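The following exercises treat backbone geometry, helix packing and charged side chains in one protein chain. Each task is followed by a solution in steps.

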Amino acid sequence: MLNLFAIADTCFLIDWSYWRYRDVLFELFKTVFIPENVLREVKSENTLDWITSNLAKGKLALYTETPDIVEFATRIMEKSRLIPGLRGVDLPEGICLAVGKRRGYFVLTENRGALMAVDILEELSSVRVWRSLEVIVEAIKKKLIPGNPVDIFKSYEEDTKHFFPRRELGVVINELRGETREVA
């Protein structure tokens with residue numbers, strides 16, 4: 001197991017719930033928290049079914065936002081809108097980033113604003129943010145998903161209709177192939 005806890009935002013959960021290997025997430029993290037604010041945003045029946053099933057199994061857990069987390073998230077939102085070139089962070093992603101900072105949880109998101117905020121806002125520099133790309137890479141490295149990395153990423157794109165940036169995917173595939181050659 002990589003880490004005990006992660007916290008996920010809406011865009012990550014929606015995409016992830018459609019993937020055939022989605023349960024690998026629980027081999028990487030003991031528990032993935034979902035802020036109540038995030039849960040309120042989910043409208044997809046498929047995603048809600050997956051979430052409720054895994055809440056019942058204890059693999060997902062609700063995270064109730066405390067006033068200090070909401071205050072921190074609000075500051076993140078405000079700062080994200082003051083810095084030219086930084087995409088705005090909304091409250092659900094801000095809550096995930098705030099919890100990531102305060103509790104040390106991995107933040108799982110596809111939100112560009114959240115990804116940029118970690119790189120630009122000094123107070124968030126220690127927050128570990130992973131997109132599905134990084135989660136899948138870690139699962140492949142740990143041999144939690146069988147098969148060729150190219151086919152694994154292709155399955156994600158087919159199932160979710162979420163396409164990885166080609167350049168980043170190429171770099172990741174080359175790195176994974178390099179690891180495979182060294183091991184062999």
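At 66% relative accessibility, Lys143 is exposed, where exposed means over 50% relative accessible area, buried under 20% and partly exposed in between (1.4 Å probe, protein chains only). The model is a predicted one, in which local features need pLDDT of at least 70 and side-chain atom pairs count only at pLDDT 80 or more, while totals for chains, interfaces and linings use all residues. Residues are numbered from 1 along each chain as its sequence is written, and side-chain values use heavy atoms, with hydrogens and water left out.

**Exercise 1. Backbone geometry**

Determine the sign of phi at Lys143 and at Lys161, and locate both residues.

Step 1. Lys143 is not a glycine, yet its phi is positive, at about 60°. Lys143 belongs to the loop between helix 8 (132–141) and helix 9 (149–160); helices here are DSSP runs of H or I with at least four residues, strands are runs of E with at least two, and both are numbered from the N terminus.

Step 2. Lys161, also not a glycine, has a positive phi of about 65°. Its place is the loop between helix 9 and helix 10 (166–183), and Lys161 is exposed at a relative accessible area of 61%.

**Exercise 2. A helix pair**

Describe how helix 1 and helix 4 pack, and state which residues make the contact.

Step 1. Two packed helices are described by the angle between their axes and the distance between the axes. Axes are lines fitted to C-alpha atoms, for helices over the stretch in contact, and the angle between N-to-C directions runs from 0 to 180 degrees.

Step 2. For helix 1 (residues 10–17) and helix 4 (residues 45–56), the angle is about 90° and the axes are 9 Å apart. The two helices are therefore roughly perpendicular, the class for 65 to 115 degrees; under 35 counts as roughly parallel, over 145 as roughly antiparallel and the rest as oblique.

Step 3. Helix 1 contributes Leu13, Ile14, Trp16 and Ser17 to the contact, and helix 4 contributes Asn46, Thr47, Trp50 and Ile51; contact means heavy atoms within 4.5 Å.

**Exercise 3. Charged side chains**

Which partners do Lys79 and Arg131 have in salt bridges, and what surrounds Glu93?

Step 1. A salt bridge requires a side-chain nitrogen of Lys or Arg within 4 Å of a carboxyl oxygen of Asp or Glu. By this rule the count is 10 salt bridges.

Step 2. Lys79 pairs with Glu123, with the closest N and O atoms 2.3 Å apart. Lys79 lies in helix 5 and Glu123 in the loop between helix 7 (112–120) and strand 5 (129–130), so the pair ties together parts 44 residues apart in sequence.

Step 3. Arg131 forms salt bridges with Glu134 (2.5 Å, N to O) and with Glu168, whose closest N to O separation is 2.5 Å. The latter pair links distant parts of the chain, as Arg131 is in the loop between strand 5 and helix 8 and Glu168 is in helix 10, 37 residues apart. Arg131 is buried at 11% relative accessible area, whereas Glu168 is partly exposed at 28%.

Step 4. Glu93, in helix 6, is buried and has no salt bridge; the nearest side chain of opposite charge, Arg81, is 7.6 Å away (Lys and Arg count as positive, Asp and Glu as negative; His and the chain ends are not counted). Leaving aside neighbours within four places in sequence, Glu93 is in contact with Asp9, Thr109, Asn111 and Ala114.
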